[in-house]
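Here are my notes on the model, in the order I worked through the helices. Have the structure open while you read.

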Amino acid sequence: MIKDQLNILINLAASDSTVAEKEAKVIYTLAKANGIAKEVVDEMLKTPQPILSFDTFTEDEKFENLYHLIQLMKSDGQVFKSEIHFCEDIAEKLGYKKSVVAELSSRIYSDPSITADRKMLMDRAHKFLK
């Protein structure tokens with residue numbers, strides 16, 4: 001499942017036509033934490049795959065995907081409209097209303113070492129489920 005999550009993040013990072021160094025760092029950090037080799041990530045970055053179905057994700061997995069997606073969007077210090085639209089599209093596919101992205105992005109930090117109150121964020125996100 002983690003490769004699917006990384007692929008989603010890679011698609012977001014590439015949505016503005018370039019993967020910024022900070023975005024790549026977040027992707028590599030998440031991959032390493034989940035036992036995925038750098039070479040595998042290198043290949044995934046070269047050839048992002050289409051995003052598969054989210055039907056098998058649990059509610060926790062949907063939230064984690066959304067959380068990491070928003071964190072990555074903010075990681076390079078620039079947020080492009082294409083990235084916001086991508087996040088909103090993924091949020092909808094995960095079963096949330098698009099507006100969850102604005103709600104959570106104001107409370108999720110771009111630096112992965114700064115963690116927000118996940119329980120509070122999950123509760124807020126839950127209110128946006130369709």
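What is the handedness of the crossing of H1 and H3? It is right-handed. Bear in mind for this and everything below that the model is predicted.

1. **H1 against H3.** Helix H3 covers residues 38-46, and it packs with H1 at an angle of about 45°, the axes being 10 Å apart. An angle of about 45° is neither under 35 degrees nor in the 65 to 115 range, so H1 and H3 count as oblique to each other. On the H1 side the contact uses Lys 3, Leu 6, Asn 7 and Ile 10, and these meet Val 40, Val 41, Met 44 and Leu 45 in H3. Sorted by class, the residues of this contact come out as six nonpolar, one polar and one charged.

2. **H2 against H3.** H3 has another partner to look at, H2: the two axes come within 10 Å and cross at roughly 135°. H2 and H3 are therefore oblique to each other, and H2 passes H3 in a right-handed crossing. From H2, the residues involved are Ile 27, Tyr 28 and Ala 31, which meet Lys 38, Val 41, Asp 42 and Leu 45 in H3. The class count for the contact of H2 with H3 is five nonpolar, no polar and two charged residues.

3. **Val 41, in both contacts.** Val 41 belongs to helix H3 and turns up in the contact with H1 as well as in the one with H2. Is Val 41 buried or exposed? Its relative accessible area is 0%, so Val 41 is buried. If you skip neighbours within four places in sequence, Val 41 is in contact with Leu 6, Ile 27, Tyr 28, Ala 31 and Ile 36. For a distance to check, the C-alpha atoms of Val 41 and Gln 71 are separated by 18 Å, with the two positions 30 residues apart along the chain.

4. **Ala 33, a contrast in H2.** Ala 33 is also a helix residue, this time in H2. Its relative accessibility is 65%, and exposed means over 50%, so Ala 33 counts as exposed. Between the C-alpha atoms of Ala 33 and Ile 84 there are 26 Å, for a sequence separation of 51 residues.

5. **H4 on its own.** Helix H4 runs over residues 59-75, which makes 17 residues. From first C-alpha to last it reaches 24 Å, close to the 24 Å expected at 1.5 Å a residue. Plenty of H4 is worth selecting in your viewer: its buried residues include Phe 63, Asn 65, Leu 66, Leu 69, Ile 70 and Met 73. Which helices do the buried residues of H4 pack against? They are H1 (2-13), H2 (21-33), H5 (81-93), H6 (100-105) and H7 (118-126). After H4 comes Gly 77, with a positive phi near 80°.

6. **H4 against H5.** Here the angle is about 180°, again with the axes 10 Å apart. That puts the pair over the 145 degree cut-off, so H4 is roughly antiparallel to H5. Leu 66, Leu 69 and Met 73 make the contact from H4, and Glu 83, Ile 84, Phe 86, Cys 87, Ile 90 and Ala 91 make it from H5. By class, the contact has eight nonpolar, no polar and one charged residues.

7. **Gln 5, where H1 touches H4.** Gln 5 sits in helix H1. At a relative accessible area of 15%, and with buried meaning under 20%, Gln 5 is buried. Leaving out residues up to four places away in sequence, Gln 5 touches Glu 61 and Asn 65, and Asn 65 is one of the buried residues of H4.

8. **Leu 104, on the H6 side.** Leu 104 lies in helix H6 and is buried, with a relative accessible area of 0%. What does Leu 104 touch, not counting residues up to four places away in sequence? The list is Phe 63, Leu 66, Ile 70, Leu 121, Arg 124 and Ala 125. Among these, Phe 63, Leu 66 and Ile 70 are buried residues of H4, and Leu 66 is also part of the contact with H5. Pro 48 is 56 residues from Leu 104 along the chain, and their C-alpha atoms are separated by 26 Å.

Definitions and conventions: Residues are numbered from 1 along each chain as its sequence is written. This is a predicted model: local features need pLDDT of at least 70, side-chain atom pairs count only at pLDDT 80 or more; totals for chains, interfaces and linings use all residues. Side-chain values use heavy atoms; hydrogens and water are left out. Helices (H or I, at least four residues) and strands (E, at least two) are DSSP runs, numbered from the N terminus. The expected span of a helix is 1.5 Å times one less than its number of residues. Buried means under 20% relative accessible area, exposed over 50%, partly exposed in between (1.4 Å probe, protein chains only). Contact means heavy atoms within 4.5 Å. Axes are lines fitted to C-alpha atoms, for helices over the stretch in contact, and angles run from 0 to 180 degrees between N-to-C directions. A crossing is left-handed if the near helix is turned anticlockwise from the far one by less than a right angle, and right-handed if clockwise. Ala, Val, Leu, Ile, Met, Phe, Trp, Tyr, Cys and Pro count as nonpolar, Asp, Glu, Lys and Arg as charged, and the others, Gly among them, as polar.
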